[in-house]
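Got the viewer open? Here is a route through the model, one selection at a time.

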Amino acid sequence: MKIILDAMGGDLAPEAPVLGAIDAAKAYGAEITLVGRGEEILEVMKKHNIDNLPSGMEIANADDVVDMHDDPGSVIHKRKNSSMIVGLKMLAEGKGDAFVSAGSTGALLTGATLLVKRVRGIRRAAMAPSMPTKTGGKVIICDCGANAECTPEFLLQFGMVGSAYAKNVLGVENPRVGLLNIGTEEGKGTQLQREAYALLKDAGEQGFLNFTGNVEARAVPMGEVDVVVCDGFSGNVLLKSIEGTAMFMGSMLKRMFKKNIFCKLGYLLCKSGVGDLMKVLDYREIGGTQFLGIQKPVIKAHGSSDALAFRNAVKQAMTAAEGNFTAQLEQNLAAMKERVHD
């Protein structure tokens with residue numbers, strides 16, 4: 001299995017991507033192609049006294065870089081020699097099994113859509129991060145920002161791709177799919193939610209997914225569903241709210257433990273438990289977000305990813321490539337289309 005990694009994408013590039021990739025190669029035995037400016041990649045290695053890349057790693061030179069301010073619609077032509085576009089072309093040509101980048105989200109989504117292509121029948125690719133839940137499992141938020149404006153059909157397809165991902169990649173036997181809404185009753189929400197509810201309910205009755213109805217935002221981290229379906233605007237607000245709450249709770253815990261000597265002693269007694277909690281809430285431990293609906297795995301790492309985040313993004317890419325669900329998803333979409341026409 002070969003992972004293609006954009007060595008020039010992200011705030012801490014090329015140091016963080018290069019070091020993270022080297023760690024991943026050693027830890028997981030991954031074959032990794034670093035795409036970027038070869039001289040800068042070698043300078044990072046020299047700085048950290050790394051004489052040779054691990055076995056299975058190589059460098060593919062790309063002289064240009066996609067800037068965060070570049071127009072996503074024009075990068076394929078204006079930045080065709082950039083590390084991101086070269087890497088996506090390599091993926092499309094079968095020179096790798098997955099692609100990882102911490103570069104511009106819009107450019108990455110556009111490039112993946114036009115070069116790697118969407119799964120047959122999918123109208124829009126979606127960003128679908130997985131978040132930890134109270135039950136110890138994970139919940140997929142689909143979409144979390146790629147499509148701010150959606151149609152009911154888009155939401156139906158988000159439910160389909162999210163369910164397929166949860167089953168084939170995360171190992172959930174019969175993923176529970178819920179529609180994000182302001183209440184659990186069937187008639188809640190705007191016209192978009194009500195129409196999407198009807199489509200998801202019908203798909204559930206036909207056996208294409210396990211639709212459990214509406215789900216409120218507060219129930220998401222409780223683990224009541226495995227996949228949350230939502231438009232990109234609502235999904236992004238949900239995701240950022242959860243992240244912000246986690247950061248707030250973490251800072252409050254630190255303040256509480258520093259309050260007095262007794263609190264400090266209490267911290268020593270539960271230090272390992274607090275450490276485990278903070279690890280669960282650390283985005284670096286997740287790695288990144290996969291674009292669901294693209295024919296091959298494309299992972300968007302956080303813009304501020306450090307070496308640990310890139311290491312875990314490579315691991316996530318490997319897992320996604322191993323659990324490839326494209327064929328099954330295409331079959332379900334084709335079968336659903338036939339039933340609609342019948």
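## Start in the middle: β11

Select β11 (288-292). Five of the five residues in this strand are buried, so β11 is largely enclosed by the rest of the structure. Keep in mind as you go that this is a predicted model.

Now add the neighbours of β11. On one pairing, β5 and β11 run antiparallel and are joined by three bridges. Click on A126 and you'll find L292 of β11 standing opposite. On another, β11 and β12 also run antiparallel, again with three bridges between them. Pick Q290 here: the bridge partner of Q290 in β12 is I299. Then follow the chain around the hairpin of β11 and β12, which has five residues between the strands, and stop at G293, where phi is positive, near 110 degrees.

## Zoom out to the sheet

Show the strands together. You're looking at an open sheet of seven strands with mixed pairing, in the order β3-β2-β1-β4-β12-β11-β5. At the edges sit β3 and β5 (126-128), each of which pairs on one side only. Turn the view along the sheet to see the twist, which averages 25 degrees from one strand to the next.

Next, select residues 2-6 and 31-36: these are β1 and β2, a parallel pair joined by five bridges. For a landmark in this pair, label I3, which stands opposite I32 in β2. Add helix α1 (residues 15-28), which packs on the sheet and touches β1 and β2, its direction making about 170 degrees with that of β2. Then bring in helix α2 (residues 38-47), lying across β2 and β3 and running at about 145 degrees to β3.

## Helix α5

Select residues 105-116. This is α5, twelve residues reaching 15 Å from the first C-alpha to the last, close to the 16 Å expected at 1.5 Å a residue. Which of its residues are buried? Colour A107, L108, L109, G111, A112, T113 and V116, and you have them. To see what they pack against, switch on α3, α4, β4 (98-101), β11 and β12. That brings back β11, the strand with five of its five residues buried. Just past the end of α5, check K117, which takes a positive phi of about 80 degrees.

## Salt bridges

Time for side chains. How many salt bridges does the structure hold? There are ten, and three of them make good stops.

Begin with D64 and R79, whose closest N and O atoms are 3.0 Å apart. D64 lies in the loop between β3 (58-61) and α3 (75-78), and R79 in the loop between α3 and α4 (83-92), so this salt bridge ties together parts that are 15 residues apart in sequence. R79 is partly exposed, at a relative accessible area of 23%. Add D70 to the selection as well, since D64, D70 and R79 are linked in a network of salt bridges.

Move on to K95 and E93, a salt bridge with 3.3 Å between the closest N and O atoms. Is E93 buried or exposed? With 52% relative accessibility, E93 counts as exposed, while K95, at 48%, is partly exposed.

For the third stop, show K201 and E186, where the side chains meet at 3.7 Å, N to O. This pair links distant parts of the chain, with K201 in helix α7 (residues 191-205) and E186 in the loop between β8 (176-180) and α7, 15 residues apart. K201 counts as partly exposed at 33% relative accessibility, and E186 is partly exposed too, at 44%.

## An aromatic pair on α7

Stay on α7 and look for rings. The count comes to one aromatic pair: Y197 and F211, edge-to-face, with 5.2 Å centre to centre and 80 degrees between the planes. Y197 belongs to helix α7 and F211 to strand β9 (residues 210-215), so to speak a link between distant parts of the chain, 14 residues apart. Y197 counts as buried, at 11% relative accessibility, and F211 counts as buried at 14%.

## Last stop: E173

Finish at E173, in the loop between α6 (152-168) and β8. E173 counts as exposed, with 67% relative accessibility. Draw a distance from its C-alpha to that of S163: the two residues are ten apart in sequence and 9.9 Å apart in space.

Terms used:
Residues numbered from 1 in each chain as written. Predicted model: local features only at pLDDT ≥ 70, side-chain atom pairs only at ≥ 80, totals over all residues. Heavy atoms only, no water. Salt bridge = Lys/Arg side-chain N within 4 Å of Asp/Glu carboxyl O. Helix = DSSP H or I, 4+ residues; strand = E, 2+ residues; numbered from the N terminus. Buried < 20%, exposed > 50% of the residue type's maximum accessible area, 1.4 Å probe, protein only. Expected span 1.5 Å × (residues − 1). Contact = heavy atoms within 4.5 Å. Pairing = 2+ DSSP bridges. Axes fitted to C-alpha atoms, helices over the stretch in contact; angles between N-to-C directions. Phe/Tyr/Trp six-rings, centres within 6.5 Å; stacked < 30°, edge-to-face > 60°.
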